[in-house]
Amino acid sequence: MDHSPSPSPSDPDPRPHSHPRTPAPAARGVRLVQKVSATRAFGRIAPHVVPALDRAVHRLTRGKVLLSARMLPGLVLTVPGARTGRPRTTPLACMPEGEVEGSWILVGSNFGRPGHPAWTANLLAHGGEAVVNWRGRDIPVRASLLEGEDRERVWEAALAFWPPYAAYQRRLERQIRLFRLERR
């Protein structure tokens, strides 16, 4: 039988609500998703499932909901196709920069698959002119491919933001492209 005094209603509960080393359920869920998303199997399946679900939900909610943004911040990029010039719309995870909603980092990981994702070629072919749908608002942006020290600094931030990018890069012979999108 426990003989420790009971806390009075005005005293805070002296017992910890969880062990300090026990991660919260949300943190465990994120780590599980990160572990799964770093696998080759995820890299084969996700490109066919995640964007299709994102497009459908985004369209059905008139731009208010991006399903994958429940795990990572996300936006919908619209840029003219490199060959056709027709608008191409792609839901993407992003890393917002700064306090003001006006700059985002896009990581051309392609789920760890060998080729660069088509949206990166589209941005390069059209001088980075694009539109993003961010939280239901269309925002004209200009994208710049990051290189050198700026790329290295942003890459380190991206790895801290979403560690599975490291597993993707280890599997690839190409360097993953990083873009900074800024409001026009």
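This report describes the fold, the nonpolar cores, the enclosed cavity and several individual residues of a predicted model.

## Overall architecture

The secondary structure of the protein comprises five helices and seven strands, and from the N terminus on these elements follow the order α-α-β-β-β-β-α-β-β-α-α-β. Of the 184 residues of the protein, 36% count as buried. Among the contacts with a separation of 6 or more, 65% are made by residues 24 or more positions apart.

One pair that is distant in sequence is formed by G63 and D138, which are separated by 75 residues along the chain while their C-alpha atoms lie 9.2 Å apart in space. G63 belongs to the loop between α2 (40–60) and β1, and its relative accessible area of 8% places G63 among the buried residues, because buried means under 20%.

## Nonpolar cores

The largest nonpolar core contains 17 residues, of which L75, L77, W104, L106, L123, V132 and L181 touch the most other members. At least two residues of this core come from each of β1 (74–80), β4, α3 (118–125), β5 (129–134), β6 (137–145) and β7 (177–183). A second core, separate from this one, has 15 residues, including W162, Y165, Y168 and L172. In soluble globular proteins, nonpolar side chains tend to be buried together.

W104 can be examined in further detail: leaving aside residues up to four places away in sequence, W104 touches L75, C94, M95, P96, E97, V132, W134, I139, V141, F179, R180 and L181. Two of these partners, E97 and R180, count as charged, and L75, V132 and L181 are themselves listed with W104 among the core residues that touch the most other members.

## The enclosed cavity

A search of the whole structure finds one cavity of 30 Å³ or more, and the volume of the largest cavity is about 40 Å³. Its lining is made up of A93, C94, M95, I105, L106, V107, A158, F161 and Y165. The elements that contribute two or more residues to this lining are β4 (103–108) and α4 (148–161), with β4 giving the most, at three residues.

In character, the lining of the largest cavity divides into nine nonpolar residues, no polar ones and no charged ones. Some lining residues also appear elsewhere in this description: L106 lines the cavity and is one of the residues in the largest nonpolar core that touch the most other members, whereas Y165 lines the cavity and belongs to the second core. C94 and M95, which also take part in the lining, are among the residues touched by W104.

## The loop between β4 and α3

N110 and F111 both lie in the loop between β4 and α3. Phi of N110 is near 55°, a positive value in a residue other than glycine, and phi of F111 is likewise positive and near 55°.

With respect to solvent, N110 has a relative accessibility of 15% and therefore counts as buried, the limit being under 20%. F111, with a relative accessible area of 22%, is partly exposed, because this value lies between the 20% and 50% limits.

## Q169 and its surroundings

Q169 is located in helix α5, which spans residues 164–171. A polar atom of the Q169 side chain lies 3.0 Å from the backbone nitrogen of I176. When residues up to four places away in sequence are not counted, Q169 touches R151, W155, R174, Q175 and I176, so that I176 appears both as a contact of Q169 and as the residue whose backbone nitrogen is 3.0 Å from its side chain, a separation within the 3.5 Å limit for a polar contact.

Conventions. Residues numbered from 1 in each chain as written. Predicted model: local features only at pLDDT ≥ 70, side-chain atom pairs only at ≥ 80, totals over all residues. Heavy atoms only, no water. 1 Å grid on protein atoms, 1.4 Å probe; cavity = no way out; pocket = protein on both sides within 12 Å on 5 of 7 lines; lining within 4 Å. Points joined across faces, edges and corners; volume = space filled by probe spheres on them. Helix = DSSP H or I, 4+ residues; strand = E, 2+ residues; numbered from the N terminus. Core = buried A, V, L, I, M, F, W, Y, C linked by side-chain atoms within 4.5 Å. Buried < 20%, exposed > 50% of the residue type's maximum accessible area, 1.4 Å probe, protein only. Contact = heavy atoms within 4.5 Å. Polar contact = N/O pair within 3.5 Å; in protein donor to acceptor, adjacent residues only side chain to side chain.
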